[in-house]
Every structure is written in C-alpha cells, then in structure tokens.
Amino acid sequence: MLKKKKIAFIGAGSMAEAMISGIVVSEKMDPKNIIVTNRSNHKRLIELQNTYGITGVNREHLNLHSTDIIVLAMKPKDVEATLHSIKNTLKPHQLILSVLAGISTTYIEKNVPFGQHVIRVMPNTSSMIGESATAISAGKHTSKQNISLTTELLQCIGEVYPIPEEKMDIFTGIAGSGPAYFYYLMEHMEKEAQRSGLNSQIIRKVIAQTVVGAARMIQEQGMSPEILRENVTSPNGTTAAGLAALKGYGGGKAITEAIKQAAIRSKEISLQLEKSEIGTGVIG
C-alpha cells in the first residue's frame, strides 16, 4: 500500500529529517516520492536532498496535486498560515498527518475542507534509526484505510501506539520529549566520568550501552521498572547509595515534573490557538 504513495513534508526541521531518514532506511518508499519544503531555507532543502535522495522544493514551487500524504512538520506557531495557504488545493482523498505538539485534529479540521482525513501523530527523534515510540490519534473523518496506511508508514520509524487524542499531551511529555530527558541524564553521567579522568569516547559508549541494556531488560523480561530496580539494589551497596542520592536530591520528582510541564506546554499551545481563532471569529 505504501510503495507507490507520494508524501510531502511541510517543514524541514529535526523531526521531519528524523522521519525522512527512518522511512528511507526502511526502503518501504521510493525516496523520489518524498518531497520536503520549508519557508525560506533553501540550503537546508539541498542538504536533505543530497543526504536522502529525496526532492527539496521551495515553498512557492510546492505542488500538492499528486501527493497522497501531507505531513505538517513546521513550528506550531506557523500552522494557521500553512493551513490557509494549502486549504484551496487539498483534494478529498489526501491525508494530513500532523506531528505538531499541541495541535488538535479538531483545530486542523476547522481550517481545511470539511471531511478532510486528518491524523495527529507524535513520534520522537529516534525515528531516524527506526526506534521511535509513536502515538496516533485519528480525526473525525479519517477512514480505516488511512489509519492502516498511517500505521504502515510509521512502522518504518518504530513502534506505533493508537491512543485517545485527549491523552496525546501526556504522551508528548513522556515519549515525544522523553529522549531529551535521557540525553540530559547521559550528559551528566558523561561529565562526571570525565571529571574522574575516564576516556570520554569510551565512557560515552559505556553509558549508551547501559541505557540500551536497561531498556531491553524492560522489553524482554516483562517485569516492571520497580521490580528490576529492586533486583539490582543490594542493602547498603553502591546502587543503594546512588539511589539514595537521587531521592535526596529530588531525582524522581524532577522526572515527574519534566513530564508534567511538557504535557502542560503541549496543552497551552492548543489553548493559545483556540483563543486566536475565537479572536478572529474562526470558531463559533
């Protein structure tokens, strides 16, 4: 179903590149059927074109008539202008995928022709290596066929999880932003290792392997993180000392608050757009 489809990315940032990379590596789509555009950074388009064998086009030359899937990957603040610019060129069969944090399917549906197929998607940058945890939430008018098509597309970049759209903000806080939390943790582990005189290149690999190993234990052992943590924590041992420090300095609370604040920000973006529409008379 995917092989002959044509897809256009409106936006050429890190998320668009991560998805493009994962799709190209999967070989499920011909790179020639992948188009990417942005507002003005032509150098970026050439870079993506040369790296992945796709087609980069300037925004004014973007032609969506033969496109099956349109991916909204610009900054959330630009979504209204983007939808306005493409609204009159959309065809009923075309599927809109939005990877924009905080932008609801309802908002998009109100700014495109009635009955347009819309699916909200939340991947993460691990898409680049086919290891994303991606959530999808379908809009009111989306067909089962397009949900299946979207699932097939996103399986090129990792695992896919259908969820109710009202849970998308918290999913964003966990999986959408989650890689950055782990990078932040790894960054601090690396800095402490360097302060102790360990080789930075070796320790980076050690830290990465430690995270990979812990993740695979979760995946393959079927145990909860709590049980696995308890299993490796001997009373009065080194791990117990490290965990006590984490607890004492608020490590657990910091993680919880990171997720909460990311989810809150996702919701705020949505509310800001709704207020903007009310102010311009679009809603109601």
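The legends below describe close-up views of a predicted model. Local features need pLDDT of at least 70 and side-chain atom pairs count only at pLDDT 80 or more, whereas totals for chains, interfaces and linings use all residues. Residues are numbered from 1 along each chain as its sequence is written.

**View A. The open sheet and its edges.** The sheet is mixed, with 8 strands in the order S3-S2-S1-S4-S5-S6-S7-S8. Strands are DSSP runs (E, at least two residues), and helices likewise (H or I, at least four), numbered from the N terminus. Two strands pair if DSSP finds at least two bridges between them. Strand S3 (55–56) and strand S8 (158–162) are the edge strands, each pairing on one side only.

**View B. Pairing of S1 with S4.** Strand S1 (residues 7–10) and strand S4 (residues 69–72) run parallel and are joined by 4 bridges. Phe-9 stands opposite Val-71 in S4.

**View C. Packing of H1 against H2.** H1 and helix H2 (residues 42–52) pack at an angle of about 15°, with their axes 11 Å apart. H1 is therefore roughly parallel to H2 (angles under 35 degrees count as such). Axes are lines fitted to C-alpha atoms over the stretch in contact, and angles run from 0 to 180 degrees between N-to-C directions.

**View D. Lining of the second largest pocket.** By class, the lining has 15 nonpolar, 11 polar and 4 charged residues. Nonpolar covers Ala, Val, Leu, Ile, Met, Phe, Trp, Tyr, Cys and Pro; charged covers Asp, Glu, Lys and Arg; the others, Gly among them, count as polar. Lining residues have an atom within 4 Å of a point on a 1 Å grid over the protein atoms alone; a pocket is an open set of points where a 1.4 Å probe fits, with protein on both sides within 12 Å along at least five of seven lines. H1 gives the largest share of this lining, 3 residues.

Definitions and conventions. Side-chain values use heavy atoms; hydrogens and water are left out. Angles under 35 degrees count as roughly parallel, over 145 as roughly antiparallel, 65 to 115 as roughly perpendicular and the rest as oblique.
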